[in-house]
Amino acid sequence: MKYPLSISQRPLSLARNSLTTPLRTSTRLVRTAPPQPSPLPLRTSSALRASRSVRLPITLNLTSRTMSNWPKITKENPLGLDDPTLLVQNGVINGKKVDAEDGKTFNVEDPATGKVIGTCPEMTLSDTRRAIQVAHDTFKTFRTTTPAQRQQWLANFHRLVEDNVKDIARLIVWENGKSWTDAMAEATYAASFLSWFAGEALRSNGTTIPCSLPGTRNFTVKQPVGVCALLVPWNFPAAMIARKIGPVLATGCTAVIKVPSETPYTNLAIMELAQRAGVPDGVLNVVTCEANLQDIGKELTTNPLIKKVSFTGSTRVGKILAANASGTLKKMSLELGGNAPLIVFEDADLDTAVAGTIASKFRGSGQTCVCANRIYVHDSIYDKFANALADKVKQFKVGPGFDEGVTHGPLIHMRQADKVQEHVDDAVSKGAKILVGGKRGERTAYFPTVLADVSTECLLNGEETFGPLAALIRFKTEEEVIALANNSEVGLAGYFFSQDSDRIWRVAEALEVGMVGANTGAISQAVIPFGGIKESGYGKEGAHEGTEEYMVTKLITLGSRIKK
């Protein structure tokens, strides 16, 4: 189904670069290797690409821009991708692109402009049940594949994501709104999960256990848990789906993936690359929906064929899903809301603390679950730190993600911008001072903001802002600030800055969170066990612990024949 709209043409002023050249991200320089030959057939032939239907829903209003990051848009290539076939506007069941049973669709919008960039199927309960059945049937054979086979598929998958990293970044900017630098960093981050889990496919080791019974031996084996329901968030549309499907493939599970209505195209492009990498049909099935979200979420958490649920999102929704899943006692991984404290002690290195605060607070315009939400600064260095942070934030540039020099794109929803404004207004009403920002931009954009003299009675102390608001709160003693930091129902991440080695150990152990950043504001990596405590959920993603979440441990006790 075609959907008419207009999008301005924005020519690309830089020539397309080979992916063998360095890619500059916001955190590091990444050099990708040229493609290596694979012993397995990859579905990348031009004939196959031509056979994959891509809806080009757009009529164009062509105007000119000279921004270097803007995609080169044409009528035939409405999002300006190097590979236009990566724009997929369908669900995926059993390796085939499908529409909703009733033919309904929903719109996908660019948050920077509010313009529709395409559509996706409004899939139904019937569609979802069919996807679950396909995943269940496929699991019977996929579970018998060897670790070496699964490792090779993941290695192929990783290479294809790296080869298409710019197109993945373009899709992130189009539908999520991130700046080009942020989007490139996320696309590279997503690829790292596939590389990690390719190795994990070979590390599903069992154990031998000494037995107290004569002539008997104990050992354990690891087996895939079964069909998994993966509910993916919009704030990291490439990284989160990679972090969830990586262990699915590594362990021999199958999955039904409910992608977010805000950012389906990034997820679907990655699913297309999985198919090209050789992942068998029926292993990864994708359901897209907007209006049917609650019904489909309930089906994915109650259907008895689903054995494992992985959800990243709010604590409120996580509790609903956990209640649903309790009826069949499904295995669950819940990565839920955060209200991260960040503490700057009097002995902190100021430059390091400012840089770490920016990395933690303003990544993705503050729309991450591990963002610092409450920033506690020791009274003796408070003014110096506040001024240094404000000076850095003043240098940020807000605008559409493709625009040259933009450091922060718009927020995903109008309600996100509304919440940031609510928290700013509430803090100011209770005595806070605006050092920089404190106002909205066009549509959903919000200028990165630093507030000083923030009261502990403000709304943001108990609510996650999920936006670019740095609220600075004074403290005087270590005991006081630990109590303030732990005064929260959630406990995902926490950060602090100090040069005292004794304090580093003491505070790291005292913070009631699942992850601690000491003298850094950047903790996310494929190799770490990512997850929280308290009402931030349970289970881990990434690292070997993330692999274990998708396996069950089976004990086998072997006796000996009785001698006569």
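This is a guided tour of selected sheets, strands and helices in a predicted model.

**The seven-stranded sheet**

Begin by selecting the strands of the open sheet that has seven members, which lie in the order β16-β17-β18-β15-β14-β20-β21 and show mixed pairing. At the edges you will find β16 (433-436) and β21 (515-518), each of which pairs on one side only. As you look along the sheet, note that neighbouring strands are turned by 25° against each other on average, direction ignored. Strands of a sheet pair through backbone hydrogen bonds, either parallel or antiparallel.

For an antiparallel example, select β16 together with strand β17 (residues 449-452), which pair over three bridges; here the bridge partner of Ile-434 is Leu-451 in β17.

**Strand β14 and its partners**

Next, select strand β14 (residues 340-344), where five of the five residues are buried. Which residues cover each of its faces? On one side are Ala-340, Leu-342 and Val-344, while on the other side are Pro-341 and Ile-343, and all of these are buried.

Now add strand β15 (residues 372-378), which pairs with β14 in the parallel sense over five bridges, and look for Ile-343, which stands opposite Tyr-376 in β15. Then add strand β20 (residues 493-497), which also pairs with β14 in the parallel sense, over three bridges; in this pairing Val-344 stands opposite Phe-497 of β20.

**Helices against the sheet**

Select helix α10 (residues 350-362), which together with β14 and β15 makes a right-handed β-α-β unit. Helix α10 packs on the seven-stranded sheet, where it touches β14, β15, β17, β18 (469-475) and β20, and its direction makes about 165° with that of β20. Helix α13 (residues 478-485) packs on this sheet as well, touching β14, β15 and β18, and its direction makes about 170° with that of β15.

Keep α10 selected and add helix α11 (residues 382-393): the two axes come within 10 Å and cross at roughly 55°, and α10 and α11 are therefore oblique to each other. Their crossing is right-handed, and the residues in contact include Leu-350, Ala-353 and Val-354 of α10 and Lys-384, Phe-385 and Ala-388 of α11.

**The pair α3 and α5**

Move on to helix α3 (residues 147-163) and helix α5 (residues 180-200), whose axes come within 8 Å and cross at roughly 165°. Because an angle over 145 degrees counts as roughly antiparallel, α3 is roughly antiparallel to α5. The crossing in which α3 passes α5 is left-handed, and among the contacting residues are Gln-151, Leu-154 and Phe-157 of α3 and Ala-187, Ala-191 and Leu-194 of α5.

**A stop at Lys-166**

Select Lys-166, which has its place in helix α4 (residues 165-176). Is this residue buried or exposed? Lys-166 counts as buried, because its relative accessibility is 13% and the cut-off for buried is under 20%. If you also select Trp-180, you will see two residues that are 14 apart in sequence and 9.5 Å apart in space, C-alpha to C-alpha.

**The three-stranded sheet**

Finish with the open sheet formed by three strands in the order β7-β8-β24, where the pairing is antiparallel. Its edge strands are β7 (207-209) and β24 (551-558), each pairing on one side only, and neighbouring strands of this sheet are turned by 25° against each other on average, direction ignored. Between β7 and strand β8 (residues 217-224) there are three bridges in the antiparallel sense, and the bridge partner of Thr-208 is Phe-219 in β8.

Definitions and conventions. Residues are numbered from 1 along each chain as its sequence is written. This is a predicted model: local features need pLDDT of at least 70, side-chain atom pairs count only at pLDDT 80 or more; totals for chains, interfaces and linings use all residues. Side-chain values use heavy atoms; hydrogens and water are left out. Two strands pair if DSSP finds at least two bridges between them. Helices (H or I, at least four residues) and strands (E, at least two) are DSSP runs, numbered from the N terminus. Axes are lines fitted to C-alpha atoms, for helices over the stretch in contact, and angles run from 0 to 180 degrees between N-to-C directions. Buried means under 20% relative accessible area, exposed over 50%, partly exposed in between (1.4 Å probe, protein chains only). A crossover is right-handed if, with the strands pointing away from the viewer, the path from the first strand over the helix to the second runs clockwise. Angles under 35 degrees count as roughly parallel, over 145 as roughly antiparallel, 65 to 115 as roughly perpendicular and the rest as oblique. A crossing is left-handed if the near helix is turned anticlockwise from the far one by less than a right angle, and right-handed if clockwise. Contact means heavy atoms within 4.5 Å.
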